[in-house]
Amino acid sequence: MSDTRSPRSELGAFLKARRAELTPAQVGLGDDGTVRRVPGLRRDEVARLATMSTGYYTRIEQGRLPASATVLASLVRALRLDEAQRAYLYELAGQAPAAPRRRSAQRVRPSVRRMLDGLGHLPALVLGRHDDILAWNAAAAALYLDFGTLPARERNYIRLLFLDPVMRSLYVDWEDAGRISAARLRMETAGNPDDPRLAELVGELSVRSPEFRAWWNGRIVTDLTHGSKRYRHPLVGALTLDCDTWTSPGDPDIMFMVLTAEADSREDQALRILTSWNTSAQPRPAETPRD
């Protein structure tokens, strides 16, 4: 007997079958202590991983709502679909799958590293796509943390801001910093809806940070490039620093971030002291170029 189900119904059945094959541990979800009544992932867990509401995902799985290309891309990432499964999902949805874009690896030129070192006691970072930390100077390591001690994949400014307790505790206005970071990431997804690395980052933050999930779902956006940041550093106390960012003229996906204080101010002296105390925190690039 032939299968007479509509493509939309078959899409829902396909999604249900795929989520049944995954365990929470496989996708980075902890045990919430509840009794699991279904094999694999629940609908609400797939929705969280795909950064959509449970009701919205449920209607797609039940065949009551069509799925856009952007939603399909999120489901591909959430359900860890391979290329064949991805193609089948898009075919059922009546969408042509976008070819995965191969983006060149991001590298920091030696001249940029010299510029970072030349800034001395002023903390400076080079941020790549999705705010990956590509390079930093000794002053930035002294203010934040020694990024060289982290695995390359964890050197992401937004990820650290939301998930690292040391980084989070530095910010007096952490909620403002987190909201702005979520808004900047939301803007980036508009131009890169099928970027797997970006989808992975958003998925992880949505699952592990309730604040990020709330701000992300609020769909706020910003292109703020300057302002002030207030820190509470365990060694030198309160710091209010000016923050300015510039886009690299050679690569629009690379941004320079520099923190400054008025010359000879208390903050300026504190940065000098902090950097001198942390001379062992050597600036290091990522071990491998970031895609």
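Before the exercises, one convention: two strands pair if DSSP finds at least two bridges between them. Helices (H or I, at least four residues) and strands (E, at least two) are DSSP runs, numbered from the N terminus. The model is predicted, so local features need pLDDT of at least 70 and side-chain atom pairs count only at pLDDT 80 or more, while totals for chains, interfaces and linings use all residues. Residues are numbered from 1 along each chain as its sequence is written, and side-chain values use heavy atoms, with hydrogens and water left out.

**Exercise 1.** Work out the strand order of the open sheet, and find its edge strands.

*Solution.*
- Step 1: Lay out the five strands; they run β2-β1-β5-β4-β3, with antiparallel pairing.
- Step 2: Look for strands that pair on one side only; these are β2 (133-136) and β3 (226-233).
- Step 3: Go from one strand to the next, and you'll find a twist that averages 25 degrees.

**Exercise 2.** Check how β1 is joined to β5, then see which helices pack on the sheet.

*Solution.*
- Step 1: Count the bridges between β1 (residues 124-127) and β5 (residues 251-260): there are four, and the two strands run antiparallel.
- Step 2: Pick V126; F256 in β5 stands opposite.
- Step 3: Add helix α6 (residues 110-118), which packs on the sheet and touches β1, β2 and β5 (contact is heavy atoms within 4.5 Å). Its direction makes about 50 degrees with that of β2. Axes here are lines fitted to C-alpha atoms, for helices over the stretch in contact, and angles run from 0 to 180 degrees between N-to-C directions.
- Step 4: Add helix α13 (residues 266-277), touching β3 and β4 (237-248), with its direction at about 85 degrees to that of β4.

**Exercise 3.** Describe how β3 meets β4.

*Solution.*
- Step 1: Eight bridges join these antiparallel strands.
- Step 2: Take R232; its bridge partner in β4 is A238.
- Step 3: Check the connection: β3 and β4 form a hairpin with three residues between them.

**Exercise 4.** Classify the ring pair F14 and Y88, and say how buried or exposed each residue is.

*Solution.*
- Step 1: Rings of Phe, Tyr and Trp (its six-membered ring) pair if their centres lie within 6.5 Å; planes under 30 degrees apart are stacked, over 60 edge-to-face, the rest tilted.
- Step 2: The centres are 5.0 Å apart and the planes at 75 degrees, so F14 and Y88 are edge-to-face.
- Step 3: F14 is buried at 8% relative accessible area, whereas Y88 is partly exposed at 33%. Buried means under 20%, exposed over 50%, partly exposed in between (1.4 Å probe, protein chains only).
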